[in-house]
Amino acid sequence: MPMLDVLKKTINYLYLHLWKYRHIDIVHGKRIKMVAERGQARVVIFAMNVPMWKYGHLYELLRRDSRFKTWVVISPSISYRLEQQINDVKSLRTYFNAQGVPFIDCDVEGDSAPFDVKKELDPDVIFYPQPYEHLLAKKHDCLNFYDRLICYYPYAFMTGKGKFSYNFHFHNLAWRLYYSNNEILKEAQKTAWNQGRNVRIVGYPMTDDYCKSSHINTWKKINDGKKRKRVIWAPHFSFDDKFGQLPRGNFLWMADFMVEVAKKYKALIQFTFKPHPRLLTELYDHPEWGKSKTDAYYKLWAEMENTQVEMGDYVDLFMTSDGMVHDSGSFVIEYNYTNKPVMFVSRDIEKFLTGQTNFSKEAFKVLLIGKNEKEILNFLESAILNGQDEMSSLRKNFCNRYLNPPNNKSVAQNTLDDLVSSLGLKK
């Protein structure tokens, strides 16, 4: 590395450690004192899209607690295409109305300026959907709120190691990072410049949804009298390394193949196409796809006899499924809640695992790996249609070891308890 680059990196490191990160503690302390004296915290929760909305159970606890005044603010990602932002806002409106959650709307299609959260609400505590700067409109971006008490539930299980998962400015400047377990805390402690001192272990937020006593059947009804197995295909969006991580997305080579698979097994298996929320934007921008081809592809999955598309909440979908084929890092962990057979698709799994945490590598031990069409078909035949699921007991052990929230409480309750204690509110 050139000497000038080394000098710049050293100056930046010292600036952050000797001033920025220390100064933020002072700012946070003043805000906490204000909240404690007032006896109530003003809380804003940003909602970007339905799949990344992880705050439902926490919102309900906050809404019923007089120590908190809470608002939900819709704010789509400005890194997405306008078409997707519009769809995300519409989906959030429908979802929140169905859940009875009041919200501050977003006029993404018009000329209205984004709602001025700082001026109109003056929040003390702000929950974000993702830990990235320049994610939301300027008036909502975390860069505008580091002087407040920023909190964060991970929108997914962070299975990759390194800066992307644990060491952005957000990770170091946020007041509370509510993480899932001690294995993830260890990664933060060795990766983040603040050594994870703002991390609290509460469990994975979706655990409260997975552990509900019943789940809704979200699968399309097919009126032909045939009983089918239900399989989810969940492709990731990463085709290259432009996001700073090893690409894992297999969609480009699997797209036509999976359509043929759905047709081949139309009398035996019902499929749900569950793409990563960003896949639509990436395909719109891809030179070999574009908007017309992408829209036609999504439409095909929505209209084939035994298929559907799921772009929203997915817990009920997972819990009523019989298996999944995917290449999503988070689902390597998350699908274990279902204890159903699963295949992770990777053409070079050894290379991929070099970028994974020890916790993630443990999860890969309890699933099957597929690298080509033949192995995917074998998985569908053996594990799905013939019930040969040799990984069931291993998945159960993994869940018991890593996925149960601490303190014998819900994730939302653990979070609320920490907020009350850390803000000096009366119990």
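Guide: A polar contact is a pair of N or O atoms within 3.5 Å. The model under discussion is predicted.

Visitor: What makes the approach of the Arg42 side chain to the backbone oxygen of Asp122 a polar contact?

Guide: The side chain of Arg42 comes to 2.8 Å from that backbone oxygen. The limit is 3.5 Å, so the pair qualifies as a polar contact.

Visitor: Why is Arg42 called buried?

Guide: Its relative accessible area is 19%, and the term buried applies under 20%. Arg42 is therefore classed as buried. This residue belongs to strand S1, which spans residues 41-47. Setting aside residues up to four places away in sequence, Arg42 touches several others, including Lys69, Trp71 and Leu121. Arg42 is also part of a network of salt bridges with Lys118, Asp122, Asp147 and Arg148.

Visitor: Phe46 also lies in strand S1. Why does Phe46 count as buried?

Guide: Phe46 has a relative accessibility of 1%. The cut-off for buried is under 20%, so Phe46 meets it. Among the residues in contact with Phe46, beyond its neighbours within four places in sequence, are Trp53, Val73, Tyr128 and His140. Phe46 and His140 stand 94 residues apart in sequence, while their C-alpha atoms are 8.3 Å apart in space.

Visitor: How do you know that Asp25 and Arg197 form a salt bridge?

Guide: The closest N and O atoms of Asp25 and Arg197 are 2.8 Å apart. A salt bridge requires a side-chain nitrogen of Lys or Arg within 4 Å of a carboxyl oxygen of Asp or Glu, so the pair satisfies the criterion. Asp25 sits in helix H1 (residues 3-38), whereas Arg197 is in the loop between helix H7 and strand S6, 172 residues apart.

Visitor: Why are Asp25 and Arg197 called partly exposed?

Guide: Asp25 has a relative accessibility of 34%, and Arg197 has a relative accessible area of 36%. Buried means under 20% and exposed means over 50%; values in between are partly exposed. Both residues therefore receive that label.

Visitor: What makes the pairing of Arg81 and Asp285 a salt bridge?

Guide: Their side chains meet at 2.7 Å, N to O, and the limit is 4 Å, so the term applies. Arg81 is in the loop between strand S2 and helix H3, and Asp285 is in helix H10, 204 residues apart. With relative accessibilities of 30% for Arg81 and 45% for Asp285, each counts as partly exposed.

Visitor: How many salt bridges does a search of the whole structure find?

Guide: The search finds 25 salt bridges.

Methods: Residues numbered from 1 in each chain as written. Predicted model: local features only at pLDDT ≥ 70, side-chain atom pairs only at ≥ 80, totals over all residues. Heavy atoms only, no water. Helix = DSSP H or I, 4+ residues; strand = E, 2+ residues; numbered from the N terminus. Buried < 20%, exposed > 50% of the residue type's maximum accessible area, 1.4 Å probe, protein only. Polar contact = N/O pair within 3.5 Å; in protein donor to acceptor, adjacent residues only side chain to side chain. Contact = heavy atoms within 4.5 Å.
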